[in-house]
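User: Please take a close look at a single part of this structure, and connect it to what else can be said. Give the cut-offs as you go.

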Amino acid sequence: MKVSRVAAAGLLAAASLYSVLPAAGSPAPAAGSSSPDRPLRELAGRQLLIGTAVDHAAYTSDATYRARVGTEFNSITAENVMKWEVVEPERGQLDFSAADELMTAARRNGQQVRGHTLVWHNQLPAWLTQGVESGDIDATELRGILRRHIIDEVGHFRGRIHQWDVANEVIDDNGQLRDTIWLRELGPGYIADAFRWAHQADPRAKLFLNDYNVEGISAKSDAYLALARDLLRQRVPVHGFGAQGHYGVQYGFHSASEVAANFARFEKLGLETAVTEADVRMIMPTDNVKLQAQAQGYSVLLQGCLLARRCNSFTVWGFTDKYSWVPGWFEGEGAANLLDENFAAKPAYRELQAVLALAR
Ligand code: G3I
């Protein structure tokens with residue numbers, strides 16, 4: 001399988017087939033048909049987990065969205081409801097209700113789940129950040145709180161999470177450990193501790209480092225390679241490296257072979273790799289040139305993953321422009337997803353179908 005997958009991806013690097021597929025905007029593909037116009041999860045088959053971030057509010061309120069999550073993807077990631085501010089809004093009050101709804105849906109849809117995320121500097125509960133700021137919570141207590149959080153959350157989902165993003169965005173764009181509440185209060189050892197506690201709570205889950213701007217070879221991905229080497233030397237249970245894949249059409253993209261070469265460095269250490277949060281935003285309004293370029297952005301990430309030997313999971317950070325974090329974060333930008341706000345296929349969706357169809 002690997003050989004054909006790699007060869008296929010190599011072929012794809014040379015030509016794009018998506019032009020033979022139905023035009024963008026045509027209705028959702030019929031499951032089980034022989035045409036390449038089939039749901040991504042069907043085209044991916046067993047060779048690759050093809051996933052999406054799921055917006056819990058949209059999932060519970062939008063039937064079209066809910067149906068498409070089930071038919072299109074064989075893996076899901078909770079976009080927000082497994083984050084600390086949601087699962088422990090008040091100290092000691094755990095609330096996994098929203099996350100549990102997504103877990104139940106995943107089981108119903110025969111999907112794997114990527115856990116996101118255990119240690120991050122964003123979306124922390126106010127009681128924690130204010131407690132540290134005021135000095136009420138000192139470093140020793142904070143370390144205990146972090147340990148408790150990881151044991152509680154990983155333990156709650158024990159045996160049901162495929163990959164956990166244990167440490168998210170812990171290195172800045174200069175390749176230095178990111179200056180966060182965790183580094184300031186606990187020192188660099190918090191990263192190793194987090195992996196050990198997660199492994200203790202669920203020895204079967206694959207534990208990942210995850211970040212953005214690490215899709216290609218750069219000072220930042222070099223720093224992650226050094227961090228991974230150092231953690232493995234300390235026998236810390238790190239199993240994978242995730243590149244988020246948040247691209248912008250206006251910034252251009254790496255080549256598929258550069259993404260694969262970068263992943264190969266981590267795989268040489270014995271790690272798995274994954275694309276964990278792919279999206280390709282653009283400066284609005286959209287036009288055909290930007291939409292074609294967007295298709296290439298998604299394509300190089302998927303081809304890079306297929307070219308790599310141990311990249312077994314490709315997740316998009318949302319799949320329809322109807323629900324996207326981009327406009328709220330990047331003023332004047334948007335349309336970052338595979339389907340438009342009416343769930344109609346964009347060139348990017350057709351491109352991923354073509355890449356997966358050829359790689360089968
Ligand atoms: O839940 C509250 C709601 O009660 C309130 O009414 C509303 C209005 O302020 O805010 C809601 O919280 C928002 C939350 O998403 C849930 O929708 C936050 O304001 C908003 O900041 C948060 O944005 C999320 C962002 O992470 C926060 O950093 C995005 O949806 C989510 O897509 C984004 O995801 C991150 C990954 O976790 C890590 N990598 C980058 C990626 C994009 O930033």
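Analyst: What follows starts with the ligand site, then turns to aromatic pairs and one strand.

This is a predicted model: local features need pLDDT of at least 70, side-chain atom pairs count only at pLDDT 80 or more, and totals for chains, interfaces and linings use all residues. Residues are numbered from 1 along each chain as its sequence is written, and side-chain values use heavy atoms, with hydrogens and water left out.

The ligand has 15 residues around it. Near means that a heavy atom of the residue lies within 4 Å. Glu79, Lys83, His116, Glu169 and Glu277 come nearest. By class, the shell holds 4 nonpolar, 7 polar and 4 charged residues. Here Ala, Val, Leu, Ile, Met, Phe, Trp, Tyr, Cys and Pro count as nonpolar, Asp, Glu, Lys and Arg as charged, and the others, Gly among them, as polar.

Now the polar contacts, pairs of N or O atoms within 3.5 Å. Lys83 places a polar side-chain atom 2.7 Å from a ligand oxygen. For Asn80, the distance from a polar side-chain atom to a ligand oxygen is 2.9 Å. Glu277 has a side-chain N or O atom 2.7 Å from a ligand nitrogen. Alone, the ligand exposes 790 Å², and the protein buries 52% of that. These areas come from the Shrake-Rupley method with a 1.4 Å probe.

Next, the rings. The whole structure has 13 aromatic pairs. Phe, Tyr and Trp rings (the six-membered one for Trp) pair with centres within 6.5 Å; planes under 30 degrees apart are stacked, over 60 edge-to-face, the rest tilted. Trp84 and Trp127 have ring centres 6.5 Å apart and planes at 80°, so this pair is edge-to-face. It links Trp84 in helix H5 (residues 84-87) to Trp127 in helix H7 (residues 126-134), 43 residues apart. Helices (H or I, at least four residues) and strands (E, at least two) are DSSP runs, numbered from the N terminus. Trp84 is buried at 2% relative accessible area. Trp127, at 14%, is buried too. Buried means under 20%, exposed over 50%, partly exposed in between, with a 1.4 Å probe and protein chains only.

Last, strand S1 (residues 49-54). Its 6 of 6 residues are buried, so S1 is largely enclosed by the rest of the structure. Leu49, Gly51 and Ala53 point one way, and Ile50, Thr52 and Val54 the other. S1 runs parallel to S9 (residues 311-316), joined by 4 bridges. Pairing takes at least two DSSP bridges. Gly51 bridges to Thr315 in S9. S2 (residues 75-78) also pairs with S1 in the parallel sense, over 4 bridges. There, Thr52 partners Ile76.

Methods
Polar contact = N/O pair within 3.5 Å; in protein donor to acceptor, adjacent residues only side chain to side chain.
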